[in-house]
Amino acid sequence: MATLGVLMGGCAAGPSVFQTVPESMPESLGGLPAEAPAAPKDPYRYPAVHDVPAPRTDTTMSNDELLKAQKDLQSARDRQVDKAARDQAEDASDFTDPPPAAAPAKSAERSAEKSAKQKAAAKKTAAPASQAGAATNP
């Protein structure tokens, strides 16, 4: 009970008492080591939590100023998008080779040959069927 009273009395005494207790205790019991820096003589000051800063002197943007700022940002964005597209097109043209001039003609010739072969094959298959049908019908 006496110990409880001493502890409660220590709590009522304030933080200054507890600042000196670890200094006077031996290190083996949880006190400060001998090479620890000395505690400051003046207690620490706490920040002024309840002090309110002065009201702001500048005002918010008007609707006209806000609209102008938005238009400026949109035009800057559009300029950047256009420039990026132009740069990308230039970079793409630097790395691509132009198609050879003879390539479209060859592909057109090939497609014409294929269609001619398909027509000839269709005529061959259609001719025997029409001859067979002609023979059976009187």
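Q: Let's fix terms first: buried means under 20% relative accessible area, exposed over 50%, and partly exposed in between (1.4 Å probe, protein chains only). Where does Lys-83 fall on relative accessibility?

A: Lys-83 counts as partly exposed, at 46% relative accessibility. This is a predicted model, where local features need pLDDT of at least 70, side-chain atom pairs count only at pLDDT 80 or more, and totals for chains, interfaces and linings use all residues. Residues are numbered from 1 along each chain as its sequence is written, and side-chain values use heavy atoms, with hydrogens and water left out.

Q: What does the protein average in pLDDT?

A: The average is 74, and 62% of the residues score at least 70. pLDDT is the predictor's confidence in each residue, from 0 to 100.

Q: And where is confidence lowest, and where highest?

A: The lowest mean, 53, belongs to helix α1 (residues 2–13), while helix α3 (residues 63–95) has the highest, at 92. Where pLDDT is low, the predicted coordinates should not be read in detail.

Q: How many helices and strands are there?

A: Four helices and zero strands, so the order from the N terminus on is α-α-α-α. Both kinds of element are DSSP runs numbered from the N terminus: helices are H or I with at least four residues, strands E with at least two.

Q: New topic: what share of the residues is buried?

A: Buried residues make up 2% of the 138 in the protein. The accessible surface comes to about 13,100 Å², with 61% of that belonging to carbon and sulfur atoms. Those areas come from the Shrake-Rupley method with a 1.4 Å probe; for residues, only the protein chains shown count as cover.

Q: How many salt bridges does a search of the whole structure find?

A: Three. The criterion is a side-chain nitrogen of Lys or Arg within 4 Å of a carboxyl oxygen of Asp or Glu.

Q: Back to Lys-83, then: which residue does its side chain meet in a salt bridge?

A: Asp-87, at 3.0 Å from N to O. The two are four residues apart in helix α3, so about one helical turn separates them. Asp-87 is partly exposed, at 30% relative accessibility.

Q: What about Lys-68, which side chain does it meet?

A: Lys-68 meets Asp-72 in a salt bridge of 3.1 Å, N to O. They too lie four residues apart in helix α3, about one helical turn. Lys-68 is exposed at 53%, whereas Asp-72 is partly exposed at 40%.

Q: And which residue does Arg-77 form a salt bridge with?

A: Asp-78, with the closest N and O atoms 3.9 Å apart. Arg-77 is partly exposed, at 48% relative accessible area, and Asp-78 is partly exposed at 41%.
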